[in-house]
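Student: I would like to learn how to read a protein model feature by feature. Could you take me through one slowly, giving the general idea before the particular case?

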Amino acid sequence: VCVCVFLLSINKDLISVQYLYYSRRAHFLHGPYPTTHFGPKACVLPNPTSVMHIQDPASQRLTWSKPPLNVLVIRKVRDEGLLEPFKELCRFLVEEKRLMVFVEKKVVDDVALTADETFSSIRKQLCTFREGFDDISDCIDLIICLGGDGTLLYASSLFQGSVPPVMAFHLGSLGFLTPFKFESYKTEVDKVFEGNAAIVLRSRLKVKVVKGLFQRSEQLFKPEENGTGPPNHIGTEVLNEVVVDRGPSSYLSNVDLYLDGRLITSVQGDGVIVSTPTGSTAYAAAAGASMIHPNVPAIMVTPICPHSLSFRPIVVPAGVELMITLSPDARNTAWVSFDGRKRQEIQHGDSIKITTSCYPVPSLCCHDLVYDWFDSLAQCLHWNVRKKQTRLTDGSDSSDTEN
């Protein structure tokens, strides 16, 4: 609709052509329009000058329709070094900010916390939940993560629909997705609560595993007419990547890759990675893919050790639908995982459908979404670090050669 209205103001003769094009295609090449409301009270600051759905990065600012009241604190488990920062943050949010703080029940039941009498009064005021049992998606205004990148990935998995803004503090091992330093947490939290903070919308993948219904018919696969899947399917939202590999088998993985229903190629190797731009600095980077800024609307397809010298990683538009199935002549099954979790076996007749989700993860920036990304490349991955070339001495000529 945005595209048609935009063209209407330029050339009325193009309306019918564009309308026919979009009526045949159920989604835009650049992916679905991402929701700009995150949880009950947060949204992106409206920008009336934006065209289509690709915003100027500088205009991606967080604003609150109402003051946030409920905060979810995610703490990296099995790390005793985070115990004191966790208690300090909870005490600040409860006593000074007067907020409702939600914490996982297994975190609150930690022996180290229950034995601390000085923290007992705060502990009693914490609201607890259990993953897979309690739905907190409609009551959280802000997520604060204490840990590394895995903590943010876990926080994303708790929200299969709209995701509240995420503020991630670097208290883990890598910290590529965690730009904030905990030493100044009070100042940083106050800035976020004031609004107008910079955010980056990290796109996610909408993944659906359909069990036992796919049959290869020449080279064209027709998706469901009404866009809804059969009852025996498993759906999930993925922030980093979907990995299909050969599992424990010693044979090559042999899977077919479809794009918008058409067979593109077969992947013979250790497997294939389908990732978001955020995931381009994770497993995909180790497999030889390019690193893409999270604001770029795209999906990456990266083979894992392909048995072909010409199979290079590719980038496709965010709006396409990818589908992965076992090749008919595959010697073994395959295995799939989502952000390193929920690993399951894929057999003949199963299919994995992947497209861009309309529910991104609004990740708060420490400085801005461009500086933070390049700073992470330099600090975490040591991108383009080398000893600098020395300058030529006076009187020497770079064109001179030794005899």
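Student: Let me begin with empty space inside the fold: what volume does the largest cavity have?

Tutor: The general idea is that rolling a probe the size of a water molecule over the atoms shows where empty space is left. Please keep in mind that this is a predicted model. In this case the search of the whole structure finds 2 cavities of 30 Å³ or more, and the largest cavity has a volume of about 110 Å³.

Student: Which residues are the closest to the centre of the largest cavity?

Tutor: The lining of the largest cavity is made of 15 residues, and the closest to its centre are Phe 176, Val 200, Arg 202, Asp 372 and Trp 373. Two or more lining residues are given by each of strand 9 (197–202), strand 22 (361–364) and helix 10 (369–381), and helix 10 provides the largest share, which is 4 residues.

Student: Since the model is predicted, what is the mean pLDDT of the chain?

Tutor: The pLDDT is the predictor's confidence in each residue, on a scale from 0 to 100. For this chain the mean is 84, and 81% of the residues reach 70 or more. Over residues 1–27, however, the value is below 50, and this stretch has 18 contacts in the model beyond near neighbours in sequence. Residues 218–231 are also below 50, with 19 such contacts.

Student: How many helices and strands does the chain have?

Tutor: The chain has 10 helices and 22 strands. Of its 403 residues, 47% count as buried, and among the contacts with a separation of 6 or more, 72% are between residues 24 or more positions apart.

Student: Is helix 7 enclosed or open, and how would I decide?

Tutor: A residue is called buried when its relative accessible area is under 20%, and you can then go along the helix residue by residue. In helix 7 (residues 149–157), 8 of the 9 residues are buried, so this helix is largely enclosed by the rest of the structure. The buried ones are Asp 149, Thr 151, Leu 152, Leu 153, Tyr 154, Ala 155, Ser 156 and Ser 157. Their cover includes strand 4 (70–75), strand 5 (100–104), strand 7 (142–147), strand 8, strand 20 (341–346) and strand 22.

Student: Strand 8 is part of that cover, so may we look at one of its residues: is Val 166 buried or exposed?

Tutor: Val 166 lies in strand 8 (residues 166–170), and it counts as buried because its relative accessibility is 2%. Leaving aside neighbours within four places in sequence, Val 166 is in contact with Ile 143, Cys 145, Leu 152, Val 361, Pro 362, Ser 363 and Leu 364. Leu 152 in that list is also one of the buried residues of helix 7.

Student: What does Asp 245 touch, once residues up to four places away in sequence are not counted?

Tutor: Asp 245, which lies in strand 12 (residues 241–245), touches Ser 253, Asp 270, Gly 271, Ala 334, Trp 335 and Arg 343. With 15% relative accessibility, Asp 245 counts as buried. A polar atom of the Asp 245 side chain lies 2.8 Å from the backbone nitrogen of Gly 247.

Student: In which sense do strand 13 and strand 14 pair?

Tutor: Strand 13 (residues 253–259) and strand 14 (residues 262–269) pair in the antiparallel sense over 7 bridges, and Tyr 258 has Leu 263 in strand 14 as its bridge partner. The two strands form a hairpin with 2 residues between them, and Asp 260 in the turn has a positive phi of about 50°.

Student: Why might a positive phi catch the eye, and where else is one found?

Tutor: Most residues other than glycine have a negative phi. Cys 305, although not a glycine, has a positive phi of about 45°; this residue is found in the loop between strand 16 (298–304) and strand 17 (314–317) and, at 54% relative accessibility, counts as exposed. Asn 384 has a positive phi near 55°, is found in the segment after helix 10, and is exposed, with a relative accessible area of 63%.

Note on methods. Residues are numbered from 1 along each chain as its sequence is written. This is a predicted model: local features need pLDDT of at least 70, side-chain atom pairs count only at pLDDT 80 or more; totals for chains, interfaces and linings use all residues. Side-chain values use heavy atoms; hydrogens and water are left out. Two strands pair if DSSP finds at least two bridges between them. Buried means under 20% relative accessible area, exposed over 50%, partly exposed in between (1.4 Å probe, protein chains only). A polar contact is a pair of N or O atoms within 3.5 Å; within protein, one must be able to donate a hydrogen and the other to accept it, and residues adjacent in sequence count only if both atoms are side-chain atoms. Contact means heavy atoms within 4.5 Å. On a 1 Å grid over the protein atoms alone, a cavity is a set of points where a 1.4 Å probe fits but cannot get out, and a pocket is an open set with protein on both sides within 12 Å along at least five of seven lines; lining residues have an atom within 4 Å of a point. Grid points are joined across faces, edges and corners, and a volume is the space filled by probe spheres set on the points.
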